Amino acid sequence: MNESIPSVARVSTRQLDEFTALYRMFDVSGNGRLTRQQTDEALQVLGLGLSEQDRRKLLDAVDTAGEITQSAFIDWLCQRSDFDLEREMRSLFSLMDTSGDGLVSCDEMLTLARCLDPDFNEIALEVLIRGHDTDNDGMVSFDDFMAMQQSGGHLQVTIAGIRRFRKLLGRYALAARNPRIALVEVDSDLGAGRAGAGGGIALLRQSALQRALATRSTALRGRQQGRDSTRPHARNIDAIRALLEQASTLVCETLQHHEFPVVLAGDHSTAAGTIAGIAKAFPDKRLGVVWIDAHADIHSPYTSLSGNMHGMPIAIAGRFDNTANAVNTLDEGTRAHWEACKALGRQGRANLDLHDLAYVSVRDTEPAEDAAIAQFAIPIFRTDDVRRMGPEAVAQACLDHLSEVDIIYVSFDVDSMDAAICMGTGTPVAGGITADEAARINRRLVSDPRVVCWEICEINPALDLRNSTGQVSMMVYEQTLDALQMRLATAAAIHARHDGTRPL
């Protein structure tokens, strides 16, 4: 049988658009051909879950000129064994079919649709669903579900969309294994320059509420409605200030309940609230921070050229204005909000001494930030250091730098990974670490008993055309939580054998 033409015919127009966008992301020259090096890079990105047979098939498609055409690449994607649409659809349907009787309700279908695409027209979608409810019993069978796909209506789901939904559900299921891990959602893209980072958390929230998988899940929401021109040096600072206050309270309460907060954040501005919450919960403890990010995020409104507050959380935590490198003059309203943000957490002093900070993968800084890094002698472990020393050794070097602190907060921004791997973020930067390196660094860090909070942020599904960021971030998330759960289980076992302070 000729597999080439039928394989393309088996997928929807929407799926083909997705594959085309994927190809163009690797085809940096835009000439419709991938070099062998670009093909190797594509395999690195697509490698999670990729069979050796599929890998060989792509390499076999390299022509005599050592290149792969767009049509050959898309045909390969259509033929991949793990791109079996019906199998993926059955997997998705089974997630909704909690009773296992082969039927789901219309309400459950509507919830799925909203998770996959927040812009679905609910009225039209309900008409579509009820139009395929062949028994008129308010329940949808798998055959009905597939008929909706083939009708070309509102509920056409791409494989990337299916996998995104499954992975987001998986995050909650994984955290729910350990009652001492609490998921803390801070849903905001107010501090970012490009809206959409908060959307990933919205999917998580709806899935979790439907299945009640999380032990604790409180949503703090703040969606960007365009750029704030009234506070150009600290955009949306009034709304972000309120969000930081709420995040601080939630993280503090979580820690006071002897639970470990795993923070799912939109943009990185809300990390200032997370740090404030940790400091408030442990007012007498010396706090250290490991910041895994492409950016230093140590700007203030006085130094920022963009005014985006996702570049300011470290300065907030350290109560650091960096006026020596100021380029902006603040109006009274902005200054008042900025002072209020810095005042969160500990009374009368900074939540973080900036000497107690270590950077990993930071590679995109500006002069004012460079001056701050030099002033506080903040170590930066760059990608070359990770390759030379090894991920675990870099993590240990961060812990050694923080040897005098009592507690540690680890914040992982997905843009710390290389732009070729991680496009689903508003600020991709080349030269970053790989997903495997990120996972190994985070695993080693959370194994340290001083780590009291771990955060993952800046996943922007609106920019993640091929769901690669969702895929690699899920791998980092899973491996980090596995290491954390092992640590907590070991601590609980020791505590069960001996009297003493309840472990965190």
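This passage describes salt bridges in a predicted model and the surroundings of the charged residues involved, together with one buried lysine. Side chains of opposite charge can pair when their charged atoms come close. A search of the whole structure yields 13 salt bridges, among them the pairs Glu67 with Arg33, Glu245 with Arg241 and Arg387 with Glu437.

In the pair formed by Glu67 and Arg33, the closest N and O atoms are 2.5 Å apart. Glu67 belongs to strand 2 (residues 67-69) and Arg33 to strand 1 (residues 33-35), so the salt bridge ties together parts of the chain that are 34 residues apart in sequence. Arg33 has a relative accessible area of 26% and is accordingly partly exposed. The pairing is also part of a wider arrangement, in that Arg33, Asp63 and Glu67 are linked in a network of salt bridges.

A salt bridge within a single helix is provided by Glu245 and Arg241, whose side chains meet with an N to O distance of 3.5 Å. Both residues lie in helix 12 (residues 237-256), where a separation of four residues corresponds to about one turn of the helix. With relative accessible area between the limits of 20% and 50% counting as partly exposed, Glu245 falls in this class at 33%, and Arg241 does so at 27%.

The salt bridge between Arg387 and Glu437, by contrast, has its closest N and O atoms 2.5 Å apart and links distant parts of the chain, with Arg387 in helix 17 (residues 383-389) and Glu437 in helix 19 (residues 435-446), 50 residues apart. The two partners fall into separate accessibility classes, because buried means under 20% relative accessible area: Arg387 is partly exposed at 47%, whereas Glu437 is buried at 9%.

A further charged side chain considered here is that of Lys342, a residue of helix 15 (residues 332-343). Lys342 has a relative accessible area of 6% and is therefore classed as buried, the limit being 20%. Its side chain is joined to that of Glu339 by a polar contact of 3.1 Å. When residues up to four places away in sequence are not counted, Lys342 touches Ile316, Arg319, Phe320 and Asp321, so that the surroundings of this lysine include Arg319 and Asp321 as well as Ile316 and Phe320, each with heavy atoms within 4.5 Å.

Technical notes:
Residues numbered from 1 in each chain as written. Predicted model: local features only at pLDDT ≥ 70, side-chain atom pairs only at ≥ 80, totals over all residues. Heavy atoms only, no water. Salt bridge = Lys/Arg side-chain N within 4 Å of Asp/Glu carboxyl O. Helix = DSSP H or I, 4+ residues; strand = E, 2+ residues; numbered from the N terminus. Buried < 20%, exposed > 50% of the residue type's maximum accessible area, 1.4 Å probe, protein only. Polar contact = N/O pair within 3.5 Å; in protein donor to acceptor, adjacent residues only side chain to side chain.
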